[in-house]
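Reader: Walk me through the labels used for this model, and tell me what stands behind each one.

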Amino acid sequence: MRDLTFALTKGRLADQTLALLAGCGIRCEDSWEDSRKLVFTDPKHHVRFFMAKAADVPTYVEQGAADIGIVGKDVLLEEQKDLYEVLDLGFGKCRMAVAGFPEGEALLRQRGDFRVGSKYPEIARRYFLDRHQQPQILKLNGSVELAPIVGLADVIVDIVETGSTLKANGLVVLDAFLEISARMVVNKASMKLHAERINELIRRMSEALTRMEDEG
Ligand code: PRP
């Protein structure tokens, strides 16, 4: 039987994703931490998986290099790839927000003569376009909160989880406009070719999520 390949997201979703897979009985042979290996297998369940940067997960799945992906809704909205989103995993919850110094609120009411720093330039562009605003959008790759502090941007569009990074830097949420959580996505051809196995996996994942919620 052919292995089903999972693309998982490195970083903040990793622990809960591995706990969810373990809840379905899927475990890798080797430990993630002590190895430079990139691809791991669970031969018993004919599953293999790898960790990738969040923004790359939809590409691996759309292209069929992975059958299944676990990734945040923020990344799916930014990347807009052609794949099926089959399950809301309910963890990795955060909000997508416009944030900045409290004075930033007045700027947002202008027609668009301001600068926005974001790891999510597409989401930011669409948010402002809906409001008939076309600010300059600057693509950043991390530590986005720096941008208003050092004068690179007037506001940022970013995910806010606990709010502690904003608070520690004197910034506030100006408009929280999207609820985000981790999702399971499936390659379109894989969904047809391996419908039975993938549907069974979706069912087991849903059950594992319910059990994990009940256990707190
Ligand atoms: C994310 C996000 C914020 C922070 C929000 O960054 O871009 O900076 O987390 O979390 P909080 O509301 O709980 O403070 P991440 O930690 O992923 O790192 P990065 O800035 O390097 O992208």
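**Labels and their reasons**

Reader: What makes R125 count as partly exposed?
Author: The relative accessibility of R125 is 38%. Partly exposed covers the span between the buried limit of under 20% and the exposed limit of over 50%, so R125 counts as partly exposed. Keep in mind that this is a predicted model.

Reader: And why does E122 count as partly exposed?
Author: E122 comes out at 27% relative accessibility. Buried would need a value under 20% and exposed one over 50%, so partly exposed is the label for E122.

Reader: Why are E122 and R125 called a salt bridge?
Author: The two side chains meet at 3.0 Å, N to O. The limit for such a nitrogen and oxygen is within 4 Å, so E122 and R125 qualify as a salt bridge. Both sit in helix 5 (residues 121–130), three residues apart, which is about one turn of the helix. In general, an α-helix has 3.6 residues a turn, so residues three or four places apart point the same way.

Reader: How do you know that I123, A124, Y127 and F128 are on the same side of helix 5?
Author: I123, A124, Y127 and F128 are the residues listed as buried in helix 5. They span an arc of only 125° around the axis, and that puts them on the same side of helix 5. Just past this helix, H132 has a positive phi of about 60°.

Reader: Back to the charges. How many salt bridges does the structure hold?
Author: Eleven. One of them pairs E85 with K73, at 2.8 Å, N to O.

Reader: Why do you say the pair of E85 and K73 ties parts together?
Author: E85 belongs to strand 5 (residues 84–88) and K73 to helix 3 (residues 73–79), so the pair ties together parts twelve residues apart in sequence. E85 also meets R183 in a salt bridge, here at 2.7 Å, N to O. That one links distant parts of the chain: R183 is in strand 11 (residues 182–186) and E85 in strand 5, 98 residues apart.

Reader: Why does R183 count as buried, and what is the label for E85?
Author: R183 has 11% relative accessibility, and buried means under 20%, so R183 counts as buried. E85 has a relative accessible area of 36%, which makes E85 partly exposed.

Reader: On to packing. How do you know that helix 1 and helix 9 are roughly perpendicular?
Author: Helix 1 (residues 14–23) and helix 9 (residues 195–214) pack at an angle of about 110°, their axes 9 Å apart. Roughly perpendicular covers 65 to 115 degrees, so the label fits helix 1 and helix 9. From helix 1, A19, L20, L21 and G23 make the contact; from helix 9, M205, A208, L209, R211 and M212 do.

Reader: What classes of residue make up the contact of helix 1 with helix 9?
Author: Seven are nonpolar, one is polar and one is charged.

Reader: What puts the buried residues of helix 1 on the same side?
Author: The buried residues there are A14, T17, L20 and L21. Their arc around the axis is only 125°, and this places them on the same side of helix 1. Their cover includes strand 1 (4–9), strand 3 (47–52), strand 4 (68–72) and helix 9. After helix 1 comes G25, with a positive phi near 85°.

Reader: Why is T5 called buried?
Author: T5, in strand 1, has 4% relative accessibility. The cut-off is under 20%, so T5 counts as buried. Leaving aside neighbours within four places in sequence, T5 is in contact with R48, F50, A65, A66, D67 and I68.

Reader: What makes H46 and S143 worth pointing out?
Author: Most residues other than glycine have a negative phi. H46 is not a glycine, yet has a positive phi of about 55°; S143, also not a glycine, has a positive phi of about 45°. H46 is in the loop between strand 2 (39–42) and strand 3, and S143 is in the loop between strand 8 (136–139) and helix 6 (146–150).

Reader: Are H46 and S143 buried, partly exposed or exposed?
Author: H46 is at 27% relative accessible area, hence partly exposed. S143 is at 55%; exposed means over 50%, so S143 counts as exposed.

Technical notes: Residues are numbered from 1 along each chain as its sequence is written. This is a predicted model: local features need pLDDT of at least 70, side-chain atom pairs count only at pLDDT 80 or more; totals for chains, interfaces and linings use all residues. Side-chain values use heavy atoms; hydrogens and water are left out. Helices (H or I, at least four residues) and strands (E, at least two) are DSSP runs, numbered from the N terminus. Buried means under 20% relative accessible area, exposed over 50%, partly exposed in between (1.4 Å probe, protein chains only). Axes are lines fitted to C-alpha atoms, for helices over the stretch in contact, and angles run from 0 to 180 degrees between N-to-C directions. Angles under 35 degrees count as roughly parallel, over 145 as roughly antiparallel, 65 to 115 as roughly perpendicular and the rest as oblique. Contact means heavy atoms within 4.5 Å. Ala, Val, Leu, Ile, Met, Phe, Trp, Tyr, Cys and Pro count as nonpolar, Asp, Glu, Lys and Arg as charged, and the others, Gly among them, as polar. The arc is that of the directions from the helix axis to the C-beta atoms.
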